[in-house]
Amino acid sequence: MSHRKKNKNDLTRFLKYTGNGMKGKERNSFERELQRDPFEAEAAEGFSMVTAGEAEKDMRDIRKRLADAKKKRRILTPMRIAAALALLIGTTALLLLLRHSPEPPLVSQAIEQKKTTVAAESKPETKTAIEENSGEGTGARSQAAKMSVPVVVSDTLKNAVVINPTGSETVIERSLSEARENEVITTSVDKKEMLSGKVAGLEVHEANMNAMEKSTSGDNLSGKRIISGTIISTDDQEPLPGASVVIKGTARGAVTDINGKFSIDAGTDSSLILVASFIGMEQEEIKSKPDTNLLIALNSNPQALDEVVVVGYGTVKKQDVTGSAVTVNMDETKSDYNKPEPSVGYKEFNKYIETNIHYPAGAENKTREVVVLGVTILTNGNISNIRVIKSPSQAFSDEAIRLVKEGPSWKAATMKGIPLEEDIRVRIVFKPR
Amino acid sequence: MPLKLLGNKSGNLTDEYLLLEFRERGDIEKLGTLYSRYMHLVYGVCVKYLKDRDSAKDEVINIFEKLVADLPNHEIINFKTWLYVVTKNHCLMILRSRKSETERGTIMINDPLWFMENSEELHPIDKEDTPDDERLNDCINRLKDEQRQCIRMFYYEDKCYKEISELLKMDEKKVKSYLQNGKRNLKICLEAKYVAQEEK
């Protein structure tokens, strides 16, 4: 790529090509590059849909917008760090108050070890958790939001502890820069952005209010344990209706409703794995406990869509089949295959036969006779290769063949809208008059 | 930081270096430089699929944002190839979601090139100097008329699509498809020859 500099198809060359500024050999060498690289080939197809002037203007616009976006990022970052520190102080206070929470030793240890790391690491996620809960808030949750703070924080602190023993400065620096990225993502107040921040950081957030309740009140009196939650797509943060969730290793599961929500009877297991899946999305496995509310984000997997191959059976011309997939227009799949038929329809065709049929003159005692012909209907609707399959005599055959030959034209069979050559049988009945 | 010695002129830095700088130090500027090398391609592909300049512009920006978020989580060997896949998938997903917003099934990708295998490996005939060996020649001679003519004109007489389409009195699209199919047949033919040789 980079060693072939002289030939590199940069924007200038693309514009020159689109603007018809290239001739002969130069054009050829540009096109050769397209042959080498599908990326460039597709881009060239795109360029051919606009004028060189338009493309140039668009590229200028894009450059300007990108520069703006980068600038914004840089100004906001220091503010982010300040906010992180402020949040850390708040969180620490909270932690001290809730010392009986599951992992206090880990927490304090982590804080003493590397305050800065903790600050950077914990801030964005904590913030996300709080805002998410209050955003969704159903009144009773304001308490839940407060409670979920220690849970999430201790989680990230655990990460901090894992990182710390390796000790070197580069590691810390890196975690700081990672944190910066998370911050960048949470920049916007827009709720959608908040969600995507969560996606980049961790896939699943436990809004763990019930878990806390449980640990204080011991075992639940009502035996029914429910896992509920929402499934969204990471692409647009929209809920996914019809996605399925199954408890791994069991047949218990649920399908999300129109709002992407689901709830499953968790049974008696204290911890289990949920498998969430949806067509076109990557399958996701999530550890969960009963009485939790989950937000599951699925990554799209276009591959999974590509792999759906529909195979139809029938006579298809070889050129349509070898090593390629044929795109199916979904409108046409309803009736994949259509038999050949007279262009006027069978009803009219039968009428035509009845009015035009002549009982062969030579035939003696007039009885009911049947001739069956094999007829090939070509892709253009033409009739070819008429064969006699069953006939009482030559005279009957000739008359039957004449009827078909002189009769109405035919429509070829189609498979997914593609005309096919097809053999049919035509039955012609001679009735005595 | 010995790499720093290379200075700040990004013009001749390799893709790999810029990528590393971004990954190790989170330097968005470096990613920006890298991205701008291929931005026109991203734009072109977006125009091709979205068929609309304004959405294409938006998506070029969105894809950059996506890179900032995604790059740290991916092992990337060849940035350009990877960017191609990301861009294409991004456009596909947009088409998919547009489809579900409006009527289902109205947007269909009817482009046969879509399914064409984009082999990672360079086709023998696309190598820097078109090899002039006997085997390739023999295979070219076995091609169907149109395919052979197109291949010869394009690769040996350095004619562009337009010239070929005028000479052979056929549509430019036809020329491209003959080239594509010709290349595929050549590859099959060459592979068969290599296999036959190894067996000897």
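What pLDDT does chain A average, and what share of its residues score at least 70? In this predicted model, chain A averages a pLDDT of 68, and 58% of its residues score at least 70. Two stretches of chain A fall below 50. One is residues 1-7, which have five contacts in the model beyond near neighbours in sequence. The other is residues 103-222, where the pLDDT is likewise below 50 and the model shows 156 contacts beyond near neighbours in sequence.

A good place to look more closely in chain A is helix α14, which covers residues 394-406. With 13 residues at 1.5 Å a residue, α14(A) should span 18 Å, and because its end C-alpha atoms are indeed 18 Å apart, expectation and model agree. Four residues of this helix, F396(A), S397(A), E399(A) and A400(A), are buried. They cover an arc of only 165° around the axis, so they sit on the same side of α14(A). A general rule is helpful here: an α-helix has 3.6 residues a turn, so residues three or four places apart point the same way. The buried residues of α14(A) pack against three strands of chain A, namely β11 (369-377), β12 (383-390) and β16 (422-430). On the face turned away from this buried side, the helix carries the exposed residues Q394(A), K405(A) and E406(A).

Chain B can be described in terms of helices, since it has eight of them and zero strands. Read from the N terminus, its elements run α-α-α-α-α-α-α-α. Chain B has 200 residues, of which 28% count as buried. Among its contacts with a separation of 6 or more, 54% link residues 24 or more positions apart.

The two chains meet again in the nonpolar cores. The largest core holds 34 residues, and V42(B), Y43(B), C46(B) and V60(B) are the ones that touch the most other members. Both chains contribute to this core: at least two residues each come from α1 (11-18), α3 (38-47) and α4 (52-97) of chain A, and from α1 (15-25), α2 (28-50), α3 (53-70) and α4 (79-101) of chain B. Helix α2(B) gives the largest share, 13 residues. To follow one member, V42(B) is in contact with V60(B), I63(B), L83(B) and T87(B), leaving aside its neighbours within four places in sequence. A second, separate core has 18 residues, including A243(A), L274(A), A276(A) and F278(A).

Terms used
Residues numbered from 1 in each chain as written. Chains lettered and ligands numbered in written order. Predicted model: local features only at pLDDT ≥ 70, side-chain atom pairs only at ≥ 80, totals over all residues. pLDDT = per-residue confidence, 0-100. Contact = placed C-beta atoms within 7 Å. Expected span 1.5 Å × (residues − 1). Buried ≥ 20, exposed ≤ 12 C-beta atoms within 10 Å, placed from the backbone. Arc of directions from axis to C-beta. Core = buried A, V, L, I, M, F, W, Y, C linked by C-beta atoms within 7 Å.
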